[in-house]
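The following report describes a single chain, going from its overall packing to a few individual residues.

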Amino acid sequence: MAYNITDACVACGSCADQCPVEAISEGDGKYEINPDICVSCGSCADQCPAEAIEEG
């Protein structure tokens with residue numbers, strides 16, 4: 001199941017730098033994960049300083 005970035009995102013971009021499949025892009029005020037590309041590896045969630053990424 002793909003990961004999701006919550007409203008707690010501080011738009012730092014660290015998650016996008018960690019994504020091995022480039023599924024994360026900058027959205028309107030926060031980053032977004034494309035669920036069709038996400039491979040559910042969890043690299044983004046491990047990197048997020050705001051703990052704004054959850055599986056779901």
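In this predicted model, buried residues account for 34% of the 56 residues in the chain. The surface that the chain exposes comes to about 3500 Å², of which carbon and sulfur atoms supply 39%.

The secondary structure consists of 2 helices and 4 strands, and, read from the N terminus, these elements follow the order β-α-β-β-α-β. The chain is as compact as a globular protein of that length, because its radius of gyration of 9 Å is close to the 10 Å that the globule rule gives for 56 residues. Taken along the principal axes, the box filled by the C-alpha atoms is roughly 25 × 20 × 20 Å. Of the contacts between residues at least 6 apart in sequence, 58% join residues that are at least 24 apart.

The largest nonpolar core has 15 residues, and the members that touch the most others are Ile5, Cys15, Ile24, Ile33, Cys44 and Ile53. Two or more residues of this core come from each of strand S1 (3–5) and strand S3 (31–33). The surroundings of Cys44 can be given in detail: once its neighbours within four places in sequence are left aside, Cys44 is in contact with Tyr3, Cys15, Ile24, Ile33 and Ile53.

On the surface, Val21, Ile37 and Val39 form a nonpolar patch, and together they have about 210 Å² of accessible area. Ile37, one of these residues, sits in the loop between S3 and helix H2 (43–47). Ile37 counts as partly exposed because its relative accessibility is 36%, which lies between the 20% limit for buried residues and the 50% limit for exposed ones.

Backbone geometry deserves a separate remark. Most residues other than glycine have a negative phi. Alanine 11, in contrast, has a positive phi near 55 degrees, and serine 40, which is not a glycine either, has a positive phi of about 55 degrees. Alanine 11 is placed in the loop between S1 and helix H1 (14–18), whereas serine 40 belongs to the loop between S3 and H2. The table sets out these two residues.

| Residue | Phi | Loop | Relative accessible area |
|---|---|---|---|
| Alanine 11 | near 55 degrees | between S1 and H1 | 33%, partly exposed |
| Serine 40 | about 55 degrees | between S3 and H2 | 25%, partly exposed |

How values were computed: Residues numbered from 1 in each chain as written. Predicted model: local features only at pLDDT ≥ 70, side-chain atom pairs only at ≥ 80, totals over all residues. Heavy atoms only, no water. Rg over C-alpha atoms; globule rule 2.2 N^0.38 Å. Buried < 20%, exposed > 50% of the residue type's maximum accessible area, 1.4 Å probe, protein only. Contact = heavy atoms within 4.5 Å. Areas by Shrake-Rupley, 256 points an atom, 1.4 Å probe, with all protein chains shown as cover. Core = buried A, V, L, I, M, F, W, Y, C linked by side-chain atoms within 4.5 Å. Patch = residues over 30% accessible without salt bridge, like charges linked within 9 Å, V, L, I, M, F, W, Y side chains within 5 Å. Salt bridge = Lys/Arg side-chain N within 4 Å of Asp/Glu carboxyl O.
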